[in-house]
Amino acid sequence: MKKYKIYLLSFSILAVILGGCAPKKTNTAIDVNNMDLSVKPGDDFFRYVNGNYLKTLEIPDDKTSYNVFNILRENADRDINNILKEVSNIEGAEKGSAAQQISDFYYTGMNIEEINKVGIKALDKEFKMIDDIETLGQFQDMVAYMHLNGLDPFFGGSVMQDLADNTKLKYYLGQSGTGLPDVEYYYKEDDRSKEIRTEYVKYISKMLGFTGEDGPQASKWAKTIMRIETFMAKNAKTRLEMRNIPGLYNLMSIDSVQTLIPDFDMERYFSKISDQDFGDLVVTDPKYFSALGNLMAQNKLEDLKIYLKWNLLNRSANFLSDAIVNQRFQFYAAFLSGSKQIQDRWKRVTQMTNAMMGEQLGQLYVEKHFPPSSKEKMSALVANLKVALKHRLETLTWMSEETRASALEKLANMRVKIGYPDKWDDYTALVIERDSYLENVRRVSYFETQKNLKKFNEPIDPDEWPMTPQTVNAGYSPLKNDITFPAGILQPPYFNPDADDAVNYGAIGVVIGHEMTHGFDDQGRNFNKDGVMTNWWTEEDSKEFTERAQLLIDQYGAFKVNEEVNIDGHLSLGENIADFGGLTISLEAYHNSMEGKNTPADIDGFNHMQRFFISYGQIWRGKIREKALIRKVKEDVHPWGEYRVNGAPFNVPEFYETFDINPKDELYRTIEQRPVIW
């Protein structure tokens, strides 16, 4: 089950130490046939590195994009599916064991005949609970029930570390409950947003048809749902506003929250959620809760019940019959992102089993795919990158001694989690049966919610992992000041044990440096060495940082997706700072590793410095459908790979020297346009 985090910066990573015996040189680490040498590096470095590869690459019909990340996740899916099959063959697995839970969950997901037979009736019990609501109190109880079971009407909540004092925990309340993937789709007036709104209303109406409502009634309800969600969206924070971490920290008593939403009894709600006293709450957007107060006062109970039914249906759709699943696919994947075909069922059920039963699967995954030696090698490489970042911080000319001292302390305190946790959570109390896919999803959601709530009065576990070992991803946590590298990402092309050092530093070294510098980007800089949200910067240093970061905002904001859409340099700022920082730090680490050694011989006609940058360029190779790219620009802090490859290197002086980039080249940036941050 995914753990709710208010802040998680993700990046593809894997690792192995490059020291010790020199790696064996090979021509396969960089395939020259993938490159298009007719393209000038300074005009389009992305296609210079990947052009011929892109000419023959086809996006699979069940994908909206296809890149290295997708390929690694496909590999992980196959590995996990093999584990699922092995576990499913175990006879007489003990109740509550990982084998029993995993095999029974997977069985119910793959039992499509039973799922299709039951159809929409799988929701009958919960639909009746909503139909039976006659008072506001019963309505509030239903909202609490849905929140406990992984559904998200109106708002959401979770126990997390206190941003102001990370030795304590707080209960956070935040916006939630809209069906479109970005709140701005509800009110922006560009042609695509208008089209999305029109199709969303049609989609709601079609989905409501599965409940037995006739066309006119379903259409009427769809308009009611759209009106309610639009009101919520217009009063919610945008994705960019959600990046203002200090702005999310609004400490309020439950009585104060009650004044914002007077028709929703917060005391009654929390009594249904937990028997604990959470004390003061953190409300990420008081304005939104005030708007919810108006929404509930101005709408009839019957309309609010219609919205609850829709939230229940839409959030449960992927666990219901093929007809319902396919209808959801047509809107969210085909229309919104351009996907041509739904994934095979085994892939979808494998991914959901992994998402819901991740820790149990993780224990089996690391036994097969992550030897203990890799953990040691990764630790050493991270230490090498820390040395390089430390030197950069020590020699920055724009940073004052006061801020520098705090930055160095933060780096020294940065902890590293590699491969898998040292201890595993206990899931023996989780009940999984062979009766219903949907019911098993509910059981896991309820179990994880209770697990989160019970943490409130327990000591904070600094070793808790934010993701499972088989996850193809990595992240930095500002509250814990740690970086996490799961076992699932530890594979080529990010690291190739047979490649030369330049290739590995250009891939893995860069991305490890990327994660480290997230601790000092536009969001990470708000937290000190202990993970406490506080301003440890002098006023002049903050001004310097902001001015330098603005150069990246301008650079990426100039990249055009089409005639109407540009990259959002503000939304993607943290990732762009980290890409640039990762390149800078890894390049220095690579130079450090070369001290006392002879200059490596050219390979395939490229010198070692060229291979460093080519390696960085090749880890982002891939294609994306236009609709998916437009969504990514609006919804994701991570730019598409093309912009990462044509962005960060053009701020690195050594890149210009290595490829003889000159003012006539299209992507050339003057010295004044290139920021110096780390």
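The exercises below, each with a worked solution, concern a predicted model.

**Exercise 1.** Describe the order and pairing of the open sheet, and determine which strands stand at its edges.

*Solution.* Begin with the order, which for this open sheet of four strands is 3-4-6-5, with mixed pairing. Next, consider the two ends of that order: strand 3 (155-161) and strand 5 (251-252) each have a single partner strand, so one side of each is left without a neighbour in the sheet. Strands of a sheet pair through backbone hydrogen bonds, either parallel or antiparallel. For strand 4 (residues 169-175) and strand 6, the sense is parallel, and the pairing runs over three bridges. Finally, at the level of residues, Leu-173 stands opposite Val-283 in strand 6.

**Exercise 2.** Locate Asp-277, classify it as buried or exposed, and name the surface patch that it helps to form.

*Solution.* Asp-277 is found in the loop that lies between helix 11 (266-273) and strand 6 (281-283). Its relative accessible area is 67%, and because exposed means over 50%, Asp-277 counts as exposed. The patch in question is a negative one, formed by Asp-277 together with Asp-255, Asp-265 and Glu-267.

**Exercise 3.** Place Lys-454 in its helix, classify it as buried or exposed, and compare its separation from Val-159 in sequence and in space.

*Solution.* Lys-454 is found in helix 19, which comprises residues 437-454. With a relative accessible area of 53%, Lys-454 is exposed, since the cut-off for that class is over 50%. Along the sequence, Lys-454 and Val-159 are 295 residues apart, whereas in space their C-alpha to C-alpha distance is 8.7 Å.

Conventions. Residues are numbered from 1 along each chain as its sequence is written. This is a predicted model: local features need pLDDT of at least 70, side-chain atom pairs count only at pLDDT 80 or more; totals for chains, interfaces and linings use all residues. Side-chain values use heavy atoms; hydrogens and water are left out. Patches are made of residues with over 30% relative accessible area and no salt bridge: like charges are joined within 9 Å, nonpolar side chains (Val, Leu, Ile, Met, Phe, Trp, Tyr) within 5 Å. Accessible areas come from the Shrake-Rupley method with a 1.4 Å probe; for residues, only the protein chains shown count as cover. A salt bridge is a side-chain nitrogen of Lys or Arg within 4 Å of a carboxyl oxygen of Asp or Glu. Lys and Arg count as positive and Asp and Glu as negative; His and the chain ends are not counted. The place of a charge is taken as NZ of Lys, CZ of Arg, CG of Asp or CD of Glu. Buried means under 20% relative accessible area, exposed over 50%, partly exposed in between (1.4 Å probe, protein chains only). Two strands pair if DSSP finds at least two bridges between them.
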